Amino acid sequence: MNRPVRVLAMGIFAIFTVLVAAVTYHQVIVGPDYRDDPRNVRVAAAITGRERGTIITADGVVVASSEADPDDPLSFRRSYPEGPLYSHTVGYSTILFGDQGVEAFRSDELTSDRDATISGVLAALVGGDIRPKGLRLTIEHNLQSVARAALGDQRGAVVALEPRTGAVLAMVSTPDFDPNLLVGGNAAPAGEALDTDPAQPRLNRATAALFPPGSTFKVITASAAFEAGVASPGTPFPNPVELELPGSTATISNFNGQPCGPGAEVPLSTAFINSCNTIFGMLGMEVGADQLVGTAESFGFNAEPPFDIPSVASVIPPAESFEFDLPGVAQSAIGQRDVRATPLQMALAAAAVANNGEIMVPYLVDEVFNAEGIVQESAEPVVWLRATTPSSAGALADLMEGVVTSGTGRRASVPGVRIAGKTGTAEDPAGPPHAWFIGYGPVGAGPGDPQIALAVLVESGGDAGEAATGGTVAAPIAQEIFAEFFGLSSETE
Amino acid sequence: MTRNAEAALLAAAAIVASMGVSLVNLASGTGLDAQVALTFLVFAVSFGSIHMALRRWAPEGNPYLFPIAAFLTAMGFTEIYRLDPELASIQRWSLLLAGAATTAVLLFLRDEGVIMLRRYRYIFLATAVLLLLLPLLPESWPLHGAEVNGSRLWVRLELPVGMRTLSFQPGEIAKVLLTIFLASYLADRHVAMAQTGRKLGPIRLPEPRQLGPLLIAAGASFAVLVYQRDLGASLLLFALFVTMVYVATGRAAYLFAGAAIVGAGGYFAYRAFDHVQRRVFAWLHPFEDFADSGYQIVQGLFAMGSGSLTGSGLGLGRPDLIPAASTDFIFASVAEEMGFAGSIAVLAAYGLLVAAGFGIAIRSRDVFRKFLAAGLTIVIGVQAILILGGVLRLLPVTGITLPFMSYGGSSLLANMVLVALLVRASHGERT
């Protein structure tokens, strides 16, 4: 009579065991997945509700802050007072789209410990400061604004930094977007609109997009030639209308289809100042693939820059791939073929010339300060690479100054400041050429000089389209930035 | 002596409830208020009166069943208070009513014990069927049925005073009455059912005469419940019928036949009804239709996952995001705010309740008492399994209350009376 009761009891206990297993599975084993599921608004409520630290620019403009939520006095709402201007640098902290930019890589400092975790409670008990910390960026707000305005509605990027330290002074990528839209109530459709936009506004063109560097790469080719002892600025080169590439029907010609100035021979310096492809093609073949690739890598190619913001490695194919491809070497030497670079990389190349051949690790956060405003941590400049020797850098500086005083980069010049630079008009089979300008200033040995190095990229020629060149499209943008930086209005020109 | 342990444990449960309320208050920033004292008072009065009744009329009854029930009620009540203090205040009245009703039942059974129920089985059967039919009363009557969430299993009484309505779920009471009927009926017939019968192949069926009234009772209850689209209660009653016949006859064939009927019935329901298909889809693929049919299940899973080991803390989670958080999904709410620790405590409490119930059944010499104890235990166990299985995604969600924990007066009252019958049955269980 009791047997069936026992059987039922065992049956029910077996099922209870399964229930216990299921609870364990849902709460302990896959629990973290449920907790982090983007559709689980608990996470959202917890993140948005928490106070985050303030982010200010080098000159004290607030670019990210947490404000008390009007609907819920206990929680906070992230706000970006400058709207789109810092969308790719400061980034955003959101529920649906995660964190980006400074908001992501300095999240530890920006978040409050006031979250009832054991460590937070312990810290509070021993009198520790659990309030979120604030960050002071290296970016100059006015410079950032001018760089953004100069790009206008063209797609492109500007990276400006201090050559001696690596401190980023401005970093803009266009098109940009308003991060406030990703925080608010209509975040999902706003984010979807950004993702489906063919102009890819969320792509940070300054650090995460690769473009053929075109003639700006000649800085590296020239450096390789100086290092290898193949040529010096005065070395004369033959001056054909077009360069016939060995073992190939392809040719390299100059931008205007003309020889590189008058005469049967021209010095390398003239070829650099006038950006002659014919002669740099020859130079590249003389330098050889090993030296060219090696120098490019010492400038930072084929390595991810150790930057705060996710940055891709600029690319030059390995030397072995050019073993039976001399034309490829010639084309790579003028920054075409398979050479690709980010605007950050090319800004670092200009900074290397400005800084006697050394590239500093670029950084965006200058200081961490606590809730009382007391600085707790300051950035220390660190050398990343030795790109070239001081003597090569000096020779390159002369050539680059010539570009701005009498060459293709004249439209980057500002009165009273010695500017060095190099233009680039990079052909892209997919569309109009990309317009480049890289440069720095002031040239010379004043204390603290040079103060700024930059790269300007206007994707697919911008408003000028097929007619765009680095000298006509990118150099004027650089000029506006230099003018702002050196306290000169561009109108005074 | 054991009654002293009961008193201490009941006081502990009252403290659990009032501490829970004060934690919720602290989390919401309202601080300690009258709610804490009121909660302690209501628990103390309800369970105190039951305890005094047991001391007097069933001193040898099992002293652990009511403390377990009180603990589960306290856990559920705390979470209900956290979700909606107004519901909690109604639930407090329900607890007072349930305490009074349970005390009254113990008073009623004071002399003869549960044995006296055996005599009135057809009254219980008729009352149960009547109760199950009540929700079908037309809306225009003062006492009428009401449809909630697509299931017509509620009864509302419009009181002439003011515009107040009194709602209750008659199915909850009916399950207790039907268990008494079944225990009584099977106690009379089990010998005949087990021994006589016709062979149908390898299966020996009882005489139709023996099984007839049972089948009619079962069929009528299901028909009503299926008509009211209350899948959970149908399954519960079906499981009760099948397992009790199994207990009475000892023939496992009934279990297999029952499982086969559930399987076949489920299959046909799946083929025939859209809403069953939707529910099964939501069960199997809740994430694919997150916004609609899978929403409740996924929110329950999110709640449990977010609770993790120790929970978010009372008042600090978001169980309010789960649809039906205070009724069907009360377990997920508790799991979120009290964590894995809380859910295991709840599961262990149900396990202890079921173990004690089956223990009473096994020790009872009297057949009616044995069947009654087994049946009542099965009701609690199966009901918990049905809704917990739904919340934990082992079964489709059927929509039935979690005994003692879910918000709802009828459910609380019926389950308290159920436990009272179990305790009374254990008083002098060896006679």
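## A walk through a two-chain model

Chain B contains 14 helices and five strands. Here, helices (H or I, at least four residues) and strands (E, at least two) are DSSP runs, numbered from the N terminus. This is a predicted model, in which local features need pLDDT of at least 70 and side-chain atom pairs count only at pLDDT 80 or more, while totals for chains, interfaces and linings use all residues. Residues are numbered from 1 along each chain as its sequence is written, and chains are lettered from A and ligands numbered from 1 in the order in which they are written.

**Chain B and the cores**

Let us start with chain B, where 53% of the 431 residues count as buried. A residue is buried if 20 or more other C-beta atoms lie within 10 Å of its own, exposed if 12 or fewer, and partly exposed in between, with C-beta atoms placed from the backbone. Of the contacts in chain B with a separation of 6 or more, 68% join residues 24 or more positions apart. Two residues are in contact if their C-beta atoms, placed from the backbone, lie within 7 Å.

The largest nonpolar core has 138 residues, and F331(B) and L372(B) are among those with the most contacts inside it. Helix 13 (residues 367–391) of chain B supplies the largest share of this core, 16 residues. A second, separate core of 130 residues includes L151(A) and I477(A). A nonpolar core is a set of buried Ala, Val, Leu, Ile, Met, Phe, Trp, Tyr and Cys residues joined through C-beta atoms within 7 Å. Leaving aside its neighbours within four places in sequence, F331(B) is in contact with S343(B), V346(B), L388(B), V391(B) and L402(B).

**A sheet in chain A**

In chain A, five strands form an open sheet in the order 8-7-19-18-17, with antiparallel pairing. Two strands pair if DSSP finds at least two bridges between them. Strand 8 and strand 17 (420–428) of chain A are the edge strands, each pairing on one side only. From one strand to the next, the twist averages 5°.

Now look at strand 7 (residues 156–161) of chain A: six of its six residues are buried. In a regular strand the side chains alternate between the two faces of the sheet. Here G156(A), V158(A) and A160(A) point one way, and A157(A), V159(A) and L161(A) the other way. The table lists some residue partners across the pairings of strand 7.

| Residue in strand 7 | Partner | Strand of the partner |
|---|---|---|
| V158(A) | V172(A) | strand 8 of chain A |
| V158(A) | V456(A) | strand 19 of chain A |
| V159(A) | A455(A) | strand 19 of chain A |

Strand 7 of chain A pairs with strand 8 (residues 168–174) of chain A over six bridges, in the antiparallel sense. Strand 7 of chain A also pairs with strand 19 (residues 452–458) of chain A, again antiparallel and over six bridges. Six residues lie between strand 7 and strand 8 of chain A in a hairpin, and G166(A) in its turn has a positive phi of about 90°.

Helices lie against this sheet too. Helix 7 (residues 141–151) of chain A lies across strand 7 and strand 8 of chain A, running at about 30° to strand 8 of chain A. Axes are lines fitted to C-alpha atoms, for helices over the stretch in contact, and angles run from 0 to 180 degrees between N-to-C directions.

**Two crossing helices and a buried phenylalanine**

Helix 10 (residues 218–228) and helix 13 of chain A pack at an angle of about 115°, with their axes 9 Å apart. That makes helix 10 of chain A roughly perpendicular to helix 13 of chain A. Angles under 35 degrees count as roughly parallel, over 145 as roughly antiparallel, 65 to 115 as roughly perpendicular and the rest as oblique. Among the residues making the contact are I220(A) and A224(A) of helix 10 of chain A and L292(A) and A296(A) of helix 13 of chain A.

F301(A) sits in the loop between helix 13 (289–298) and helix 14 (326–333) of chain A. Why does F301(A) count as buried? Because F301(A) has 22 C-beta neighbours inside 10 Å. Leaving aside its neighbours within four places in sequence, F301(A) is in contact with A296(A), S314(A), V315(A) and I316(A).

**Where the chains meet**

Finally, 31 residues of chain A are in contact with 33 residues of chain B. Helix 1 of chain A gives the most to the side of chain A that touches chain B, with 18 residues.
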